[in-house]
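Biologist: I've got a model open and I'd like to learn how to read it. Could you take me through some of its features?

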Amino acid sequence: MFARLLIMFYAATGYAAFLASFVWALGFVGNYNQLASKSIDSGAAGNLVDAVVVDVLLLALFALQHSVMARPAFKRWWTRIIPAAAERSTYVLLSSLILLLLFWQWRSIPIPVWRVDGIAANVLTGIHWLGWLIVLSSTYMIDHFDLSGLRQAFFALRGKAAPAQPFKTPLLYRLVRHPLMLGFLLAFWATPEMTVGHLLFAALNTAYILVGLQFEERDLIAAFGDSYQRYRQRVPMLLPRLFGRQA
Ligand SMILES: C[S@@+](CC[C@H](N)C(=O)[O-])C[C@H]1O[C@@H](n2cnc3c(N)ncnc32)[C@H](O)[C@@H]1O
């Protein structure tokens, strides 16, 4: 019983770290200093080369951890070392801690790339917040508590293993196969004031998302077989069809 309670406490810690990193992400990307005193463009501009090197290394650290720990082969090896019920929480905890490090240590490069005012600025800010709303709501469409590791810990508390998630295509998943990633892209790119630092963040994350999705889809085909193959043929990856057939 003690071990089960420990897993629950561990999962709750991972979830708290996720919440902290999510709120900081909102403040960081949108330069909302009410939410986060350190944001993507805050702080004095330092040496350009130093800033690019540090920022690229921080993003690479996140990409490496996030990709390696998501691979089924890594999970099989890892769950011989830690309890299976704590695997997702460990992933969430480490991802969140690396994100917090990234936000904290990010070097701003506040050289302007574009700036729009008036209605255009309001439209871009609206798209930005729509992106975050899509991110959060998509986690609930898949299973927020499974993705955050809490579901696995709740099952473990009752002495059971959480059943694997079934293939599903609710709501936004009928329009695109990866709404959560689409939400991130909208939140990262839609800004009235783009700087070189923000552009670096958006461009590298976009590249990472596009590569990461190839791996995720390979795993999804291995897990769900023909159902996912047919889904791929019917539903676009990231850009919804404006006209014509949807799933
Ligand atoms: C962080 S979520 C991102 C989901 C998706 N890539 C997106 O952008 O909306 C990743 C997890 O969702 C799962 N997943 C993705 N699409 C799914 C679907 N249609 N049904 C069930 N699970 C899915 C993957 O197996 C993976 O564990």
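**Reading the model**

Modeller: Let's start with one residue: serine 227 is partly exposed, because 14 other C-beta atoms lie within 10 Å. The cut-offs are these: a residue is buried with 20 or more other C-beta atoms within 10 Å of its own, exposed with 12 or fewer, and partly exposed in between, with C-beta atoms placed from the backbone. This is a predicted model, where local features need pLDDT of at least 70 and side-chain atom pairs count only at pLDDT 80 or more, while totals for chains, interfaces and linings use all residues. Residues are numbered from 1 along each chain as its sequence is written.

Biologist: Which helix holds serine 227?

Modeller: Serine 227 sits in helix α10, residues 226-234. Helices (H or I, at least four residues) and strands (E, at least two) are DSSP runs, numbered from the N terminus. The C-alpha atoms of serine 227 and phenylalanine 74 are separated by 25 Å, with their positions 153 residues apart along the chain.

Biologist: How do I check the length of a helix, and why does the span of α4 agree with what is expected?

Modeller: The expected span is 1.5 Å times one less than the number of residues. Helix α4 (residues 87-105) has 19 residues and should therefore span 27 Å, and its end C-alpha atoms are indeed 27 Å apart.

Biologist: Which residues of α4 are buried, and what do they pack against?

Modeller: Among the buried ones are Arg88, Ser89, Tyr91, Leu99 and Phe103. The buried residues of α4 pack against α1 (2-30), α2 (48-68) and α7 (150-157).

Biologist: What about the largest nonpolar core: which members touch the most others?

Modeller: A nonpolar core is a set of buried Ala, Val, Leu, Ile, Met, Phe, Trp, Tyr and Cys residues joined through C-beta atoms within 7 Å. Here the largest one has 22 residues, and Phe28, Val29, Phe103, Phe184 and Phe188 touch the most other members. Two or more residues each come from α1, α4, α5 (118-142), α8 (179-189) and α9 (196-224). The largest share, six residues, is from α8. Apart from this core lies another, of seven residues, including Ile7, Ala11, Ala86 and Ala153.

Biologist: And what is phenylalanine 28 in contact with?

Modeller: Contact means that two C-beta atoms, placed from the backbone, lie within 7 Å. Leaving aside neighbours within four places in sequence, phenylalanine 28 is in contact with Ala36, Ser39, Ile40 and Phe103.

Biologist: How many residues surround the ligand?

Modeller: The test is a C-beta atom, placed from the backbone, within 6 Å of the molecule. That gives 14 residues around the ligand, the closest being Phe167, Lys168, His178, Leu180 and Met181. The largest share of the shell, three residues, comes from α8. By type, the shell has eight nonpolar, four polar and two charged residues. Ala, Val, Leu, Ile, Met, Phe, Trp, Tyr, Cys and Pro count as nonpolar, Asp, Glu, Lys and Arg as charged, and the others, Gly among them, as polar.

Biologist: Where is phi positive in a residue other than glycine?

Modeller: One of the cases is asparagine 31, with phi near 55°, in the loop between α1 and α2. Asparagine 31 counts as partly exposed because it has 18 C-beta neighbours inside 10 Å. Leucine 171 has a positive phi of about 40° and is in the loop between α7 and α8. With 12 other C-beta atoms within 10 Å, leucine 171 is exposed.
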